[in-house]
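Colleague: I would like to go through this model with you. I will ask how each label is earned.
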Amino acid sequence: MNALPTALPVAPGRRSAAVLARTATAHRGELAAALTTTVLSSGGTVVLPLLLGRAVDVVRAGDPLTPLLVQLSVVAVLTAVTTALARRDAERLGASIAADLRERVVDRSLRMNPRLLERAGSGDVASRVTEDVELFTSSVQLGANVLTAAITVVLSAVGFWALDWRLALAFCVVFPVYALSLRWYLPKAGPLYANERAVAAQRSQVFLQSLHGASTVQAYGMADLQGERVRAASARTVGASRAALGTFARFSMSMNGAEAVGLSALLLTGFQLVRTGTVTVGAVTAAALLFHRLFGPLGTLLLSFDEVSRAAAALNRLVGVVDLPEDPAPQADVVARAPREHVGIRVRGLTHSYADGPDAPLVLRGIDVEVPAGTSLAVVGESGAGKTTLAAVVGGVFPATGGTVELTGARGAVDLTDLDAGSVRERVGVIAQESHVFTGTLREDLTLARPGATDDEVHAALRVVDGDDWVSALPAGLDTRVGPGELPLSQARAQQLALARLVLRDPPVVVLDEATAEAGSAGARDLEQSAEAVVRGRTALVVAHRLSQAAVCDRIAVMADGEIAEIGTHAELLTLGGRYARLWDTWSRTAQAPQAAADT
Ligand SMILES: Nc1ncnc2c1ncn2[C@@H]1O[C@H](COP(=O)(O)OP(=O)(O)OP(=O)(O)O)[C@@H](O)[C@H]1O
């Protein structure tokens with residue numbers, strides 16, 4: 001089994017640049033349009049000061065100014081138009097690149113190996129697909145500005161050279177000063193921003209944990225402690241941002257110094273050249289105007305190192321997700337061999353540990369069990385016995401650290417880990433402890449399981465799980481919007497929807513993990529019946545806290561400390577007089593006893 005990293009990777013800068021370049025060239029038309037209009041607009045920006053310089057010489061010589069004024073007007077109008085077009089084209093290109101990347105990141109995150117997701121923490125994934133994607137997307141405008149500034153700087157250098165090579169040299173004085181500042185700043189900026197992003201991800205993780213575990217936090221009176229953790233994580237984020245900002249402020253000051261040095265050098269050189277009659281006053285005027293116009297683009301280029309560094313840190317984290325190695329593709333013949341009908345489950349020597357290393361505690365300790373096609377196996381046991389872990393592994397949610405789970409059929413057996421997620425989901429349907437309601441209409445929520453299902457099919461699935469009455473009674477029926485902020489649904493109804501989705505998907509094997517555990521006893525009995533209807537005719541592994549649910553399954557496995565302690569039918573286990581019999585005895589004496597007994 002491949003060793004999984006403990007955290008999501010961050011791509012090196014060179015790899016991110018390559019991905020960015022490849023994404024840009026995939027939009028060839030937009031790239032060509034953006035480059036063309038940007039070169040034209042930057043060209044106009046450089047030509048205008050040159051024409052103004054010439055105007056100074058024309059006025060000094062007393063020559064007619066009108067032809068030059070016409071040229072100036074035409075160039076000014078063309079520059080204005082191409083500048084507007086350049087901005088639009090560059091933004092379009094940037095938006096396309098950002099959208100491409102965003103889709104790839106979201107797509108890869110949704111198909112992420114569940115064990116990696118668990119290890120890396122959902123906070124890191126959430127911060128990448130939200131904050132990092134947003135940061136990168138909002139740098140589209142920045143990218144457009146940087147492109148324009150870079151081209152303007154190159155064309156201005158050509159303009160200086162056309163005026164006089166000595167003026168060009170004087171202009172170049174700024175570069176060593178810039179270079180020194182950058183040499184000081186750049187090695188600091190990368191780590192500072194990477195740290196800022198990492199600390200922000202930790203803050204998201206702590207915050208998400210507080211939200212997800214809100215009821216536990218309140219139940220144990222841990223609000224103050226958890227609040228302190230969130231505050232400490234926020235303080236670390238503020239500290240990291242301050243460190244980055246302080247360094248940036250010092251860098252900005254050195255930029256202003258460089259500009260003062262550059263302009264002084266240019267004016268002094270121009271003064272000498274005019275005195276010796278080498279260049280005209282107009283040429284020096286043009287050079288000064290060019291330099292003045294360059295302040296903007298040069299400042300954009302240099303000051304944007306700050307934002308570029310942030311965007312690059314975000315991009316490296318996004319490319320880290322995009323580049324996650326795909327799980328190996330299943331072999332076509334294995335998928336073809338995997339049974340679709342009369343599918344049984346065979347578990348051999350299953351061991352699992354949530355931690356790494358040879359001494360890591362085992363949560364499953366060598367489970368051997370078989371569920372013949374069309375029969376049901378209930379799994380019961382005390383909290384922490386390993387029931388949920390067994391259900392998750394058998395349901396193909398994540399692979400176990402050792403042993404095998406096979407789907408058996410008339411043509412042999414296929415290991416679950418040799419199949420891709422899609423092939424597993426066609427054959428094995430899972431309902432986990434928490435049933436999620438997706439934002440949208442009830443129809444959308446239900447047809448996720450089978451896109452294109454008709455309303456009749458959706459209602460039929462709801463009828464199987466006894467959910468059609470309340471859905472049909474809603475004024476908008478299947479068009480009712482559900483999810484956060486919409487029609488509130490009880491946990492029992494959310495589980496009913498999850499069961500209906502399973503009916504629509506119609507897999508031959510189902511794994512139900514405490515599908516009825518959350519409901520109060522009255523609702524729980526209804527849900528038990530809904531779950532029973534789903535199990536009927538299918539191969540099923542049912543994690544049951546309510547023993548009435550276990551008693552109606554064909555066989556029952558009692559788990560204790562990661563092992564199967566007892567297995568048999570309800571009657572056999574009662575006769576055995578062991579753990580199950582004791583559990584049943586306790587269960588029968590609880591308030592539900594008369595009802596549970598009537599159930600069985
Ligand atoms: N994601 C996880 N990371 C680390 N340990 C885990 C994780 N999930 C479960 N465990 C541990 O594995 C053991 C078995 O847990 P599991 O949830 O499978 O038991 P269970 O029988 O289903 O318990 P319950 O009925 O309370 O859900 C427990 O000791 C639990 O603390």
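Colleague: Which residue is the bridge partner of G409 in β5?

Modeller: G412 is the partner of G409. Keep in mind that this is a predicted model.

Colleague: What makes β4 and β5 a pair?

Modeller: Two strands pair if DSSP finds at least two bridges between them. Strand β4, residues 402-409, is joined to β5 by 4 bridges. That satisfies the cut-off, so β4 and β5 count as paired. They run antiparallel, and E406 stands opposite D415 in β5. The two strands form a hairpin, with 2 residues between them.

Colleague: Which strands make up the sheet that holds β4 and β5, and in what order?

Modeller: The order is β2-β1-β4-β5, in an open sheet of 4 strands with antiparallel pairing. Its edge strands are β2 (364-371) and β5 (412-415).

Colleague: Why are β2 and β5 called edge strands?

Modeller: Each of them pairs on one side only. On average, neighbouring strands of this sheet are turned by 15° against each other, direction ignored.

Colleague: Which helix packs on this sheet?

Modeller: Helix α13, residues 387-394, which touches β1 (344-352), β2 and β4. The direction of α13 makes about 125° with that of β1.

Colleague: What is the order of the 6 strands in the other open sheet?

Modeller: That order is β6-β9-β10-β3-β11-β12, and the pairing is mixed. The edge strands here are β6 (428-431) and β12 (563-568), each pairing on one side only. The twist averages 15° from one strand to the next.

Colleague: How do you know that β11 and β12 pair?

Modeller: Count the bridges. Strand β11 (residues 555-560) and β12 share 5 bridges in the antiparallel sense. At least two are required, so the pair qualifies. M559 stands opposite I564 in β12.

Colleague: Which helices pack on the sheet of 6 strands?

Modeller: One is α13, touching β3 (376-381), β9 (509-513), β10 (539-543) and β11. The direction of α13 makes about 155° with that of β10. Another is helix α18 (residues 491-505), which touches β6 and β9. The direction of α18 makes about 175° with that of β6. So α13 packs on the sheet with β1, β2 and β4 and also on the one with β3, β9, β10 and β11, since contact means C-beta atoms within 7 Å.

Colleague: What does α13 contribute around the ligand?

Modeller: The largest share of the shell, 3 residues. In total, 11 residues surround the ligand, and the closest are Y354, S383, K387, T388 and T389. By class, the shell has 3 nonpolar, 6 polar and 2 charged residues.

Colleague: How do α8 and α11 cross?

Modeller: The axes of helix α8 (residues 174-212) and helix α11 (residues 281-322) come within 9 Å and cross at roughly 35°. The crossing is right-handed. Residues of α8 including Y178, L182 and R197 meet residues of α11, among them L302, F305 and R317. The contact divides into 11 nonpolar, 2 polar and 4 charged residues.

Colleague: Where does pLDDT stay under 50?

Modeller: Over residues 593-600, for which the model has 11 contacts beyond four places in sequence. Where pLDDT is low, the predicted coordinates should not be read in detail. The protein has a mean pLDDT of 84, and 93% of its residues reach 70 or more.

Colleague: What ipTM and pTM does the predictor give the complex?

Modeller: An ipTM of 0.96 and a pTM of 0.64.

Conventions: Residues are numbered from 1 along each chain as its sequence is written. This is a predicted model: local features need pLDDT of at least 70, side-chain atom pairs count only at pLDDT 80 or more; totals for chains, interfaces and linings use all residues. Axes are lines fitted to C-alpha atoms, for helices over the stretch in contact, and angles run from 0 to 180 degrees between N-to-C directions. Two residues are in contact if their C-beta atoms, placed from the backbone, lie within 7 Å. A crossing is left-handed if the near helix is turned anticlockwise from the far one by less than a right angle, and right-handed if clockwise. Ala, Val, Leu, Ile, Met, Phe, Trp, Tyr, Cys and Pro count as nonpolar, Asp, Glu, Lys and Arg as charged, and the others, Gly among them, as polar. A residue is near a molecule or strand if its C-beta atom, placed from the backbone, lies within 6 Å of it. pLDDT is the predictor's confidence in each residue, from 0 to 100.
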